[in-house]
Amino acid sequence: MHHEYVDELFQFIKKSPSCFHAIDTIKKELAQNGFEELSESNAWKLAPGKQYFVTRNLSSIIAFKLPEKDFSSFHIVASHSDSPTFKIKEGAEVEVEKKYIQLNTEGYGGMICSTWFDRPLSIAGRVLVRDGSGVKTQLLNIDRDLVMIPNLAIHLNRDINKGYTYNAQVDMLPLYGDVSSKDSFKQLIAKEAGVAPEDLLGSDLFLYNRMDGTCWGANNEYISCPQLDDLECAFTSLKAFLAGSSASASVYCVFDNEEVGSGTKQGAKSTFLTDVLHRINRGLGRSEEDYHRTIASSFMLSADNAHALHPNHPNKFDKTNRVFMNEGIVIKHSANQKYCTDSVSAAVFKNICNKAEVPCQEFANRSDMVGGSTLGNLSNAQVSLNAVDIGLAQLAMHSCYETAGAQDVAIMVRGITAFYNSAVESTADGQYVIG
């Protein structure tokens, strides 16, 4: 059975082995669709009816479409570019017994460590290289099976199946080569970057899973792939952003560092979004009063995947607010505001989906369990507007090979496209008019 957009999603993820590559992939797609690149360090010259994008740190991006006429709201969708992984430390090589060379790594985000063992891995990210008297950034992807983290045999750890606590400094170091590979890692990186080793000045390099995405199940109803959290949302919202059109200003955001709290200059908690919205407002000759009125009528979808009910562990989920793969967009709720959804934002988004005949389902964690948070509330600390947390149901979140529903990819594109096509206007008495 063929599922719309699934092959494109797999290719998007394959081209995006690091957050830097994800943003580069998105940049290329936007440029091919007529978007003009802006720089935060240059003056912006904006015009109604035009399309633009800007990056920060090369790991976050905001794109926007300006309508031909003045507008009264921003329609914003935000996701994130990063996934839990392992970062290569600057002092990379570790020699063991004069026989093996490992790479020294540090955990990034909350990964399921056991999923990283015994599978082909490689390294991708960015390097900083000398460029005359300056420094330039270069993306790097060693596009071959390079390293692996081998499990300890059960004969040497008889209790492994009774539960094991992984030590990041002991258990999670990948094997790079035998002793003949000593002192070669920097040379390898330099060769891949096309520069001399002495011209390598810095790096942000990460492990990534080399396994391709696959469709599976009795009716090919499931997909599995690395980095579904959250590149699935970054991909589907990009497709919707390119397809959608309305009288509002459409904004597409992908932030970095959500997996480690978003508290960076390029994270959702940063000033990136508010800086861009202010510059749009000023660039079109609008007043500060216009800006505040527009923000008050604006709406944001915080798009980050949700936990599908696990067939082996149904007791881990809420009694009534449980969600399933291939049953539509998930609206996430939390009484303690781990999610930005409230009754108003949920009702507005459900109304949009109902009109577009897009299925929705609602999720809440068990009342005695604390769930993860998303970037919606963090972004709202900088730009306060009505927002709803959404996602697609998936299994094995934060595994290095995650599972989701094949049908949900197209459902998410349809739902977010309907949002971008809609007109959401707030009134002074707290009502919403949805066109």
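Colleague: Buried means under 20% relative accessible area, exposed over 50%, and partly exposed in between (1.4 Å probe, protein chains only). On those terms, is phenylalanine 419 buried or exposed?

Modeller: Phenylalanine 419 is at 0% relative accessibility and therefore counts as buried. Please note that this is a predicted model, in which local features need pLDDT of at least 70, side-chain atom pairs count only at pLDDT 80 or more, and totals for chains, interfaces and linings use all residues. Residues are numbered from 1 along each chain as its sequence is written, and side-chain values use heavy atoms, with hydrogens and water left out.

Colleague: And tyrosine 420, buried or exposed?

Modeller: Tyrosine 420 is buried, and its relative accessible area is 0%. Both residues are among the buried members of helix α9.

Colleague: How many residues of α9 are buried?

Modeller: The figure is 12 of the 14 residues, so α9 is largely enclosed by the rest of the structure. Asp408, Val409, Ala410, Ile411, Met412 and Val413 are on the list, as are Gly415, Ile416, Thr417, Ala418, Phe419 and Tyr420.

Colleague: What length does α9 reach?

Modeller: From its first C-alpha to its last, α9 (residues 408-421) reaches 20 Å, close to the 20 Å expected at 1.5 Å a residue. The expected span is 1.5 Å times one less than the number of residues. Helices (H or I, at least four residues) and strands (E, at least two) are DSSP runs, numbered from the N terminus.

Colleague: Let us turn to the rings. How many aromatic pairs does the structure hold?

Modeller: There are 16 aromatic pairs. One of them joins phenylalanine 35 and phenylalanine 241, which are tilted, with 5.6 Å from centre to centre and 40° between the planes.

Colleague: Which parts of the chain does that pair link?

Modeller: They are distant parts, 206 residues apart. Phenylalanine 35 belongs to the loop between α2 (19-32) and β1 (36-38), whereas phenylalanine 241 is in helix α4 (residues 228-243). Both phenylalanine 35 and phenylalanine 241 are buried.

Colleague: Why is the pair of phenylalanine 419 and tyrosine 420 called tilted?

Modeller: Their ring centres are 5.7 Å apart and their planes lie at 50°, so that pair is tilted. Rings of Phe, Tyr and Trp (its six-membered ring) pair if their centres lie within 6.5 Å, and planes under 30 degrees apart count as stacked, over 60 as edge-to-face and the rest as tilted.

Colleague: Which residues do ring pairs link into a cluster?

Modeller: The cluster consists of Phe35, Phe241, Tyr252, Phe299, Phe419 and Tyr420. Both pairs just discussed have their rings in this cluster.

Colleague: What lies over the face of phenylalanine 241?

Modeller: Lysine 65 does, at 5.2 Å from the ring centre. A charge sits over a ring if NZ of Lys or CZ of Arg is within 6 Å of the ring centre and within 35 degrees of the ring normal. Phenylalanine 71 has arginine 286 over its face, at 4.3 Å from the ring centre.

Colleague: Back to α4, then. How many of its residues are buried?

Modeller: In α4, 14 of the 16 residues are buried, and the helix is mostly covered. From first C-alpha to last, α4 reaches 22 Å, close to the 22 Å expected at 1.5 Å a residue. Aspartate 230 has its place in this helix, and the peptide bond from aspartate 229 to aspartate 230 is cis, with omega near 15°.

Colleague: Now the backbone. What is phi of asparagine 220?

Modeller: Phi of asparagine 220 is near 55°, a positive value in a residue other than glycine. This asparagine 220 is in the loop between β11 (214-216) and β12 (222-225), and at 29% relative accessibility asparagine 220 counts as partly exposed. Asparagine 257 also has a positive phi, near 70°. Its place is the loop between β13 (249-255) and α5 (272-283), where asparagine 257 is buried, with a relative accessible area of 8%.

Colleague: One more loop: is serine 384 buried or exposed?

Modeller: Serine 384 is exposed, with a relative accessible area of 55%. The loop that holds serine 384 runs between α8 (375-380) and β18 (386-391). C-alpha to C-alpha, serine 384 and methionine 300 are 9.9 Å apart, with their positions 84 residues apart in sequence.

Colleague: Finally, where does leucine 301 lie?

Modeller: Leucine 301 is in strand β14 (residues 299-303) and is buried, with a relative accessible area of 0%. Its C-alpha is separated by 33 Å from that of alanine 218, and the two are 83 residues apart along the chain.
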